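Morning, everyone. I have one structure to walk you through today. Let's put it on the screen.

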Amino acid sequence: MKPGMIPGIFSNIKTLIMEVNTITSMPRIGDKAPDFEAVTTTGKIKFSDYIKGSWVILFSHPADFTPVCTTEMSGFAKEKEFFAKHNTKLMGLSIDSIHAHIAWVNAVHEKTGVLFEFPIVADIDMSIAKLYGMLQPGESETAAVRAVFIIDPEAKVRLIMYYPLNVGRNMAEIKRTLLALQTSDEHKVAMPLDWEPGKKVIIPAPKTIEALAERKASNLEMVDWYLAKKTL
Ligand code: BEZ
(Lines give C-alpha, C1' and ligand atoms only; values in the text may rest on other atoms or scores of the structure.)
Protein backbone atom coordinates (compact mmCIF):
# COMPACT_ATOMS: atom_id res chain seq x y z
CA MET A 1 0.00 0.00 0.00
CA LYS A 2 1.41 3.38 -1.00
CA PRO A 3 2.17 5.96 1.74
CA GLY A 4 -0.73 8.37 2.06
CA MET A 5 -3.37 5.77 1.14
CA ILE A 6 -4.43 5.04 4.75
CA PRO A 7 -5.38 8.67 5.57
CA GLY A 8 -7.23 8.75 2.24
CA ILE A 9 -9.25 5.64 3.14
CA PHE A 10 -10.08 7.06 6.59
CA SER A 11 -11.23 10.32 5.11
CA ASN A 12 -13.49 8.47 2.63
CA ILE A 13 -14.99 6.39 5.46
CA LYS A 14 -15.50 9.57 7.52
CA THR A 15 -17.31 11.22 4.60
CA LEU A 16 -19.50 8.14 4.10
CA ILE A 17 -20.44 8.00 7.81
CA MET A 18 -21.25 11.73 7.79
CA GLU A 19 -23.51 11.27 4.77
CA VAL A 20 -25.34 8.27 6.24
CA ASN A 21 -25.82 10.14 9.51
CA THR A 22 -26.83 13.44 8.03
CA ILE A 23 -28.90 12.98 4.89
CA THR A 24 -31.40 10.56 6.38
CA SER A 25 -33.99 11.25 3.71
CA MET A 26 -34.62 13.49 0.75
CA PRO A 27 -38.14 13.93 -0.59
CA ARG A 28 -38.26 13.79 -4.35
CA ILE A 29 -40.56 15.54 -6.80
CA GLY A 30 -43.93 13.77 -6.65
CA ASP A 31 -43.44 12.50 -3.07
CA LYS A 32 -45.79 13.41 -0.24
CA ALA A 33 -44.14 16.16 1.80
CA PRO A 34 -43.07 14.62 5.12
CA ASP A 35 -45.22 15.90 7.98
CA PHE A 36 -43.69 17.43 11.11
CA GLU A 37 -44.46 19.54 14.15
CA ALA A 38 -42.23 22.50 14.83
CA VAL A 39 -41.54 25.42 17.10
CA THR A 40 -41.67 28.53 14.91
CA THR A 41 -41.61 32.30 15.26
CA THR A 42 -45.42 32.32 14.99
CA GLY A 43 -45.95 29.48 17.51
CA LYS A 44 -46.13 25.70 17.30
CA ILE A 45 -47.14 24.43 13.86
CA LYS A 46 -48.09 21.03 12.48
CA PHE A 47 -47.15 21.16 8.81
CA SER A 48 -50.20 19.18 7.63
CA ASP A 49 -52.47 21.74 9.37
CA TYR A 50 -50.51 24.69 8.00
CA ILE A 51 -50.71 23.53 4.38
CA LYS A 52 -54.46 22.88 4.29
CA GLY A 53 -55.84 24.29 1.03
CA SER A 54 -52.71 26.28 0.17
CA TRP A 55 -49.48 25.95 -1.67
CA VAL A 56 -46.48 26.16 0.66
CA ILE A 57 -42.92 27.21 -0.06
CA LEU A 58 -40.73 25.62 2.61
CA PHE A 59 -37.20 26.97 2.49
CA SER A 60 -34.11 26.62 4.65
CA HIS A 61 -31.35 29.12 5.30
CA PRO A 62 -27.92 28.39 6.77
CA ALA A 63 -27.94 30.72 9.78
CA ASP A 64 -29.56 33.76 11.36
CA PHE A 65 -27.61 37.04 11.42
CA THR A 66 -25.75 36.28 8.18
CA PRO A 67 -25.71 38.65 5.22
CA VAL A 68 -26.91 36.54 2.30
CA CYS A 69 -29.67 35.00 4.43
CA THR A 70 -30.84 38.46 5.49
CA THR A 71 -31.22 39.52 1.85
CA GLU A 72 -33.13 36.34 1.02
CA MET A 73 -35.50 36.47 3.99
CA SER A 74 -36.16 40.15 3.26
CA GLY A 75 -36.90 39.20 -0.35
CA PHE A 76 -39.50 36.64 0.75
CA ALA A 77 -41.03 39.11 3.23
CA LYS A 78 -41.36 41.84 0.58
CA GLU A 79 -43.30 39.44 -1.69
CA LYS A 80 -46.00 38.89 0.96
CA GLU A 81 -48.76 40.20 -1.29
CA PHE A 82 -47.65 38.20 -4.33
CA PHE A 83 -47.65 34.94 -2.38
CA ALA A 84 -51.00 35.71 -0.72
CA LYS A 85 -52.52 36.53 -4.13
CA HIS A 86 -51.36 33.14 -5.41
CA ASN A 87 -52.64 31.14 -2.44
CA THR A 88 -49.15 30.40 -1.18
CA LYS A 89 -47.85 30.35 2.38
CA LEU A 90 -44.19 30.65 3.29
CA MET A 91 -42.23 28.77 5.94
CA GLY A 92 -38.55 29.36 6.65
CA LEU A 93 -36.25 27.03 8.58
CA SER A 94 -32.79 26.94 10.05
CA ILE A 95 -31.13 25.00 12.83
CA ASP A 96 -30.90 28.11 15.03
CA SER A 97 -32.85 28.50 18.27
CA ILE A 98 -36.18 30.29 18.55
CA HIS A 99 -34.41 33.04 20.57
CA ALA A 100 -31.92 33.61 17.75
CA HIS A 101 -34.80 33.75 15.24
CA ILE A 102 -36.75 36.27 17.32
CA ALA A 103 -33.66 38.44 17.87
CA TRP A 104 -32.85 38.38 14.12
CA VAL A 105 -36.43 39.16 13.05
CA ASN A 106 -36.45 42.06 15.51
CA ALA A 107 -33.02 43.35 14.45
CA VAL A 108 -33.88 43.33 10.72
CA HIS A 109 -37.23 44.99 11.44
CA GLU A 110 -35.58 47.74 13.51
CA LYS A 111 -32.77 48.34 10.98
CA THR A 112 -34.69 48.08 7.71
CA GLY A 113 -38.40 48.17 8.49
CA VAL A 114 -38.87 44.74 6.86
CA LEU A 115 -40.76 42.27 9.05
CA PHE A 116 -40.47 38.51 8.52
CA GLU A 117 -44.12 37.68 9.24
CA PHE A 118 -44.07 34.10 7.94
CA PRO A 119 -43.14 31.35 10.42
CA ILE A 120 -39.46 30.44 10.75
CA VAL A 121 -38.85 26.97 12.18
CA ALA A 122 -36.29 26.64 14.99
CA ASP A 123 -34.97 23.21 14.05
CA ILE A 124 -32.30 22.94 16.72
CA ASP A 125 -32.28 19.13 16.77
CA MET A 126 -32.01 19.21 12.94
CA SER A 127 -34.78 16.63 12.66
CA ILE A 128 -36.73 18.50 9.97
CA ALA A 129 -33.60 19.53 8.07
CA LYS A 130 -32.66 15.83 7.97
CA LEU A 131 -36.17 14.81 6.94
CA TYR A 132 -35.97 17.18 3.96
CA GLY A 133 -32.33 16.55 3.01
CA MET A 134 -31.40 20.13 3.85
CA LEU A 135 -28.17 19.09 5.60
CA GLN A 136 -25.54 18.33 3.03
CA PRO A 137 -22.25 17.66 4.84
CA GLY A 138 -20.03 18.19 1.81
CA GLU A 139 -21.23 21.83 1.90
CA SER A 140 -21.58 22.28 5.68
CA GLU A 141 -21.78 19.94 8.66
CA THR A 142 -23.36 22.58 10.86
CA ALA A 143 -25.80 24.51 8.69
CA ALA A 144 -28.63 23.73 6.28
CA VAL A 145 -28.05 24.54 2.63
CA ARG A 146 -30.45 26.92 0.86
CA ALA A 147 -33.26 24.53 -0.07
CA VAL A 148 -36.62 25.44 -1.59
CA PHE A 149 -39.54 23.01 -1.67
CA ILE A 150 -42.66 24.08 -3.56
CA ILE A 151 -45.47 21.94 -2.17
CA ASP A 152 -49.00 21.86 -3.58
CA PRO A 153 -52.29 21.91 -1.60
CA GLU A 154 -52.37 18.06 -1.73
CA ALA A 155 -49.03 18.14 0.15
CA LYS A 156 -47.17 16.81 -2.88
CA VAL A 157 -43.62 18.06 -3.50
CA ARG A 158 -43.73 19.70 -6.93
CA LEU A 159 -40.39 21.46 -7.30
CA ILE A 160 -37.08 21.43 -5.44
CA MET A 161 -34.14 23.84 -5.62
CA TYR A 162 -30.87 23.56 -3.72
CA TYR A 163 -28.34 26.37 -3.51
CA PRO A 164 -24.99 26.37 -1.69
CA LEU A 165 -24.14 28.59 1.27
CA ASN A 166 -22.41 31.29 -0.76
CA VAL A 167 -25.03 31.90 -3.48
CA GLY A 168 -28.39 33.51 -2.75
CA ARG A 169 -31.54 32.31 -4.47
CA ASN A 170 -33.38 34.13 -7.25
CA MET A 171 -36.77 35.45 -6.15
CA ALA A 172 -37.94 35.99 -9.75
CA GLU A 173 -37.28 32.31 -10.48
CA ILE A 174 -39.10 31.16 -7.33
CA LYS A 175 -42.14 33.24 -8.32
CA ARG A 176 -41.91 32.12 -11.97
CA THR A 177 -41.79 28.41 -11.11
CA LEU A 178 -44.70 28.75 -8.67
CA LEU A 179 -46.84 30.39 -11.37
CA ALA A 180 -45.66 27.86 -13.95
CA LEU A 181 -46.80 24.97 -11.74
CA GLN A 182 -50.15 26.59 -10.97
CA THR A 183 -50.78 27.50 -14.63
CA SER A 184 -49.76 24.03 -15.79
CA ASP A 185 -52.21 22.44 -13.32
CA GLU A 186 -55.05 24.76 -14.26
CA HIS A 187 -54.72 24.48 -18.05
CA LYS A 188 -53.08 21.03 -18.40
CA VAL A 189 -50.22 22.45 -20.42
CA ALA A 190 -46.43 22.46 -20.13
CA MET A 191 -44.10 25.42 -19.92
CA PRO A 192 -41.28 25.96 -22.43
CA LEU A 193 -37.83 27.35 -21.77
CA ASP A 194 -37.92 30.74 -20.01
CA TRP A 195 -41.72 30.73 -19.80
CA GLU A 196 -43.19 33.77 -18.08
CA PRO A 197 -46.86 34.59 -17.48
CA GLY A 198 -48.39 35.81 -20.76
CA LYS A 199 -46.01 33.79 -22.95
CA LYS A 200 -47.14 30.83 -25.06
CA VAL A 201 -47.50 27.42 -23.44
CA ILE A 202 -46.99 23.92 -24.85
CA ILE A 203 -49.95 21.64 -25.51
CA PRO A 204 -49.30 17.99 -24.65
CA ALA A 205 -48.28 15.87 -27.65
CA PRO A 206 -51.00 13.72 -29.29
CA LYS A 207 -51.22 10.20 -27.92
CA THR A 208 -53.24 8.56 -30.71
CA ILE A 209 -53.16 8.57 -34.50
CA GLU A 210 -56.57 10.26 -34.45
CA ALA A 211 -55.27 13.01 -32.16
CA LEU A 212 -52.27 13.41 -34.46
CA ALA A 213 -54.55 13.94 -37.45
CA GLU A 214 -56.57 16.50 -35.48
CA ARG A 215 -53.42 18.33 -34.54
CA LYS A 216 -52.16 18.41 -38.12
CA ALA A 217 -55.48 19.86 -39.24
CA SER A 218 -55.49 22.50 -36.47
CA ASN A 219 -54.19 26.03 -36.79
CA LEU A 220 -51.99 25.80 -33.69
CA GLU A 221 -48.50 27.24 -33.90
CA MET A 222 -46.59 24.03 -34.66
CA VAL A 223 -42.83 23.47 -34.82
CA ASP A 224 -43.49 19.79 -35.39
CA TRP A 225 -46.45 17.51 -34.61
CA TYR A 226 -45.22 16.92 -31.03
CA LEU A 227 -44.36 20.58 -30.30
CA ALA A 228 -47.33 22.91 -30.55
CA LYS A 229 -47.88 26.14 -28.66
CA LYS A 230 -50.79 28.37 -27.84
CA THR A 231 -51.55 31.57 -25.94
CA LEU A 232 -53.78 31.03 -22.93
C1 BEZ B 1 -24.79 34.19 4.51
O2 BEZ B 1 -26.02 34.10 4.56
O3 BEZ B 1 -24.24 35.26 4.26
C4 BEZ B 1 -23.95 32.99 4.78
C5 BEZ B 1 -24.42 32.01 5.64
C6 BEZ B 1 -23.62 30.90 5.88
C7 BEZ B 1 -22.39 30.79 5.28
C8 BEZ B 1 -21.96 31.76 4.39
C9 BEZ B 1 -22.74 32.88 4.14
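Before the ligand, one term. A polar contact here is a pair of N or O atoms within 3.5 Å. Keep that cut-off in mind. And note that this is a predicted model.

Now the ligand. Which residue brings a backbone N or O atom to 2.7 Å from an oxygen atom of the ligand? That is Val68. The pair is within 3.5 Å, so it counts as a polar contact. Taken alone, the ligand exposes 260 Å². The protein buries 73% of that.

Two more contacts here. Pro67 also uses its backbone: an N or O atom there lies 3.3 Å from a ligand oxygen. Thr66 uses its side chain instead, with a polar atom 3.0 Å from an oxygen of the ligand.

Next, the shell. Who surrounds the ligand? Pro62, Thr66, Pro67, Val68, Cys69, Arg146 and Leu165. By type, that is five nonpolar residues, one polar and one charged. Helix α3 gives the largest share of this shell, three residues.

On to the pockets. How big is the largest pocket? Its volume is about 170 Å³. Its lining has 13 residues. Nearest the centre are Lys80, Thr88, Lys89, Leu90 and Phe118. Three elements give two or more residues to that lining: α3, residues 67-78; α4, residues 80-85; and β4, residues 88-94. So you meet α3 twice today: in the shell around the ligand, and in the lining of this pocket. The lining divides into nine nonpolar residues, one polar and three charged.

Let me stay with Thr88 for a moment. Thr88 sits in strand β4. Is Thr88 buried or exposed? It is buried, because its relative accessible area is 7%, and the cut-off for buried is under 20%. Its side chain reaches the backbone oxygen of His86, at 2.8 Å.

Last stop, Ser60. Ser60 belongs to strand β3, which covers residues 55-60. What is its relative accessible area? The value is 0%, so Ser60 counts as buried. Where does its side chain reach? To the backbone oxygen of Val145, at 2.6 Å.

To recap. Thr66, by its side chain, lies 3.0 Å from a ligand oxygen. Val68, by its backbone, lies 2.7 Å from one. The largest pocket has Thr88 among the residues nearest its centre. And Ser60 is buried, with its side chain on the backbone oxygen of Val145. Thanks, everyone.

Notes: Residues numbered from 1 in each chain as written. Predicted model: local features only at pLDDT ≥ 70, side-chain atom pairs only at ≥ 80, totals over all residues. Heavy atoms only, no water. 1 Å grid on protein atoms, 1.4 Å probe; cavity = no way out; pocket = protein on both sides within 12 Å on 5 of 7 lines; lining within 4 Å. Points joined across faces, edges and corners; volume = space filled by probe spheres on them. Helix = DSSP H or I, 4+ residues; strand = E, 2+ residues; numbered from the N terminus. Nonpolar A, V, L, I, M, F, W, Y, C, P; charged D, E, K, R; others polar. Near = heavy atom within 4 Å. Polar contact = N/O pair within 3.5 Å; in protein donor to acceptor, adjacent residues only side chain to side chain. Areas by Shrake-Rupley, 256 points an atom, 1.4 Å probe, with all protein chains shown as cover. Buried < 20%, exposed > 50% of the residue type's maximum accessible area, 1.4 Å probe, protein only.
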